[in-house]
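Biologist: Please take one spot in this model and look at it closely with me, then work outward from there. I'm happy with a long answer, as long as each step follows from the one before.

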Amino acid sequence: MSSTLVNAAVGPSAVAPSPVSKLPDVGTTIFTTMSALAQTHGAINLSQGFPDFDGPPELLERVNYYLTHGFNQYPPMMGVAPLRQAIAQKVEDLYALKCDPDSEITVTAGATEALFCAIASVVHAGDEVIVFDPAYDSYDPVIRLQGGVAVHIPLTGPAFGVDWQRVKDAINERTRLIIINTPHNPTGSVWSEDDIHQLRELVSDTNIYLIGDEVYEHMVFDQQGHTSLCRYDDLYARSFVISSFGKTYHVTGWKVGYCVAPEQLTTEFRRLHQYVTFTVNTPVQHGLADFLQARPEHHLQLPDFYQAKRDLFCELLAPSQFKIRPAAGTYFQLLDYSQITDEPDHVLAERWTKELGIASIPISVFYQDAEHCAHKALRFCFAKDDATLRQAAEILCKL
Ligand SMILES: Cc1ncc(COP(=O)(O)O)c(C=O)c1O
């Protein structure tokens with residue numbers, strides 16, 4: 001059909017009405033905005049959470065192998081069997097959970113898709129979901145898309161801990177789900193065994209589900225263990241546990257993650273997953289399966305690898321004016337700038353990107369209401385080459 005015919009049918013000035021948005025208050029995410037600003041101004045980009053180094057060469061080689069040897073058609077909806085088996089083995093080795101790769105593991109298009117499907121699996125109109133602020137930005141909109149209500153509870157103190165009394169007070173018969181993110185983006189805090197104990201006390205006689213957003217599971221420092229929900233049988237029985245190969249293997253652009261959940265939760269999860277993405281690209285899944293089986297030491301060494309980067313970044317910044325509490329996990333370091341300026345964090349993040357050539361993320365964007373953020377802090381990603389971290393620290397020490 002020619003364009004003349006299309007225009008004649010619609011009319012020269014016809015404009016489609018804007019859809020009535022289900023998320024009218026949501027704009028472009030801060031991560032996209034700050035990365036674009038960093039690019040425009042040629043700034044060192046410590047804003048968005050991605051490494052500036054590549055994934056392991058052997059993993060790239062395995063994916064390339066499958067890409068060039070005919071593994072390019074639809075894989076099974078739940079993910080290829082060797083990858084699900086390798087995930088099951090890893091979960092058993094690390095967390096002593098024996099789960100069935102056929103009925104409890106689903107490979108997803110990044111943790112983002114897994115979060116969407118897990119939330120949508122259990123949240124119905126009017127249900128309440130507890131999230132802890134500062135919170136990763138995808139939780140709240142997905143809850144609202146289900147007609148649910150996100151109940152935001154602030155983490156407290158310089159260590160960003162959970163105020164368990166507030167959680168207890170927030171729980172009622174409408175509470176359907178609690179979303180836990182440990183290690184935590186953006187604060188770098190990690191849950192302790194005591195947190196798990198408190199959670200257990202609160203949910204044991206309820207129908208509340210749990211999501212464990214554990215995408216930074218291999219970035220827990222100072223010999224602390226990762227309190228995966230997979231470790232605790234009673235909690236796992238009500239949980240969707242989500243992780244991301246993008247974070248673990250320095251390949252965030254591949255967008256491959258997974259969800260481990262008991263059979264009855266996985267059944268519902270897959271009902272949605274099959275109509276969201278149906279499945280995830282074939283050669284990457286096979287490449288990941290090979291690498292997971294052949295090189296388990298990669299994820300075992302990851303805590304030391306990132307701890308060294310955290311230590312380097314914090315040491316380099318020791319003479320600066322920032323107040324620093326080294327991250328206990330993740331690849332993010334919060335820097336408290338209250339001794340330098342009292343500007344709002346979003347203004348400062350933008351100004352430093354433009355004027356100093358260093359991009360970060362303001363912590364207030366992780367709050368339901370930026371006004372409720374009492375912290376003067378910016379989040380810096382230290383998943384960068386040491387040379388980049390040195391360059392960044394040099395700039396920040398001059399302030
Ligand atoms: C806490 C948290 N959850 C989920 C995700 C999304 O992970 P993916 O890139 O695998 O979708 C991220 C990415 O930054 C994150 O920080």
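Modeller: Let's begin with the partners of I153 in this predicted model. Setting aside its neighbours within four places in sequence, I153 is in contact with I130, F132, D133, D163, R166, V167 and A170. I153 itself belongs to strand β4, which covers residues 149-154. One of those partners, D163, is 10 residues away along the chain, with its C-alpha 8.3 Å from that of I153. With that list of partners you might expect I153 to be called buried, but I153 has 19 other C-beta atoms within 10 Å and therefore counts as partly exposed, since buried requires 20 or more.

Three of the partners, I130, F132 and D133, lead us to strand β3, which spans 128-133. E128 is also in β3. Is E128 buried or exposed? E128 has 20 other C-beta atoms within 10 Å, so it is buried. Beyond the four places on either side of it in sequence, E128 is in contact with G148, V149, V151, R174, T175 and R176. Of these, V149 and V151 fall within β4 (149-154), while R176 falls within β5 (175-181). For a sense of scale, the C-alpha of E128 is 28 Å from that of F278, which is 150 residues away in sequence.

D133 deserves a second look, because something unusual happens right after it, as a general rule about backbones shows. Most residues other than glycine have a negative phi, and most peptide bonds are trans. The bond from D133 to P134, though, is cis, with omega near 5°. P134 sits in the loop that joins β3 to α6 (139-145). There is another cis bond, from N185 to P186, with omega near 15°. P186 is in the loop between β5 (175-181) and α8 (193-203).

N185 brings us to the ligand. The shell around the ligand holds 14 residues, and those that come nearest are G110, A111, T112, N185 and S244. Helix α5 (residues 110-122) contributes the most to that shell, 3 residues. By class, the shell has 9 polar, 3 nonpolar and 2 charged residues.

Now the backbone angles. A96 has a positive phi, near 60°, although it is not a glycine. A96 is in the loop between α4 (81-95) and β2 (105-108), and its 11 C-beta neighbours inside 10 Å are why it counts as exposed. K255 also has a positive phi, near 55°, again in a residue other than glycine. K255 lies between α10 and β8 (257-260), in the loop there. With 19 other C-beta atoms within 10 Å, K255 is partly exposed.

The element α10 (245-248) also helps us move on, because it is among the elements that cover the buried residues of α13, together with β10 and α15 (386-397). Those buried residues are L302, Y306, K309, R310 and F313. Their spacing is worth checking on the model with a helix in mind. An α-helix has 3.6 residues a turn, so residues three or four places apart point the same way. The 21 residues of α13 span 31 Å from first C-alpha to last, close to the 30 Å expected at 1.5 Å a residue. Even so, α13 has a kink of about 30°, centred on P303.

Finally, the view of the whole chain. The domain assignment divides the protein into domain 1 (25-55 + 298-397) and domain 2 (57-294). Their C-alpha centres are 24 Å apart, and 30 residues of domain 1 make contact with 31 residues of domain 2. On the domain 1 side, α13 (297-317) and β10 (332-336) each provide at least two of the touching residues. Which element gives the most to that side? Helix α13 does, with 6 residues. The domain 1 side divides into 16 nonpolar, 10 polar and 4 charged residues.

Domain 1 is assembled from two stretches of the chain, and K354 shows them meeting. K354 is in helix α14 (residues 345-355), and its C-alpha is 5.9 Å from that of H41, although the two are 313 residues apart along the chain. K354 has 14 C-beta neighbours inside 10 Å and so counts as partly exposed.

Terms used. Residues are numbered from 1 along each chain as its sequence is written. This is a predicted model: local features need pLDDT of at least 70, side-chain atom pairs count only at pLDDT 80 or more; totals for chains, interfaces and linings use all residues. Domain bounds come from an automatic or database domain assignment. Two residues are in contact if their C-beta atoms, placed from the backbone, lie within 7 Å. Helices (H or I, at least four residues) and strands (E, at least two) are DSSP runs, numbered from the N terminus. Ala, Val, Leu, Ile, Met, Phe, Trp, Tyr, Cys and Pro count as nonpolar, Asp, Glu, Lys and Arg as charged, and the others, Gly among them, as polar. A residue is near a molecule or strand if its C-beta atom, placed from the backbone, lies within 6 Å of it. The expected span of a helix is 1.5 Å times one less than its number of residues. The bend at a residue is the angle between axes fitted to the seven residues ending there and the seven starting there. A residue is buried if 20 or more other C-beta atoms lie within 10 Å of its own, exposed if 12 or fewer, and partly exposed in between; C-beta atoms are placed from the backbone.
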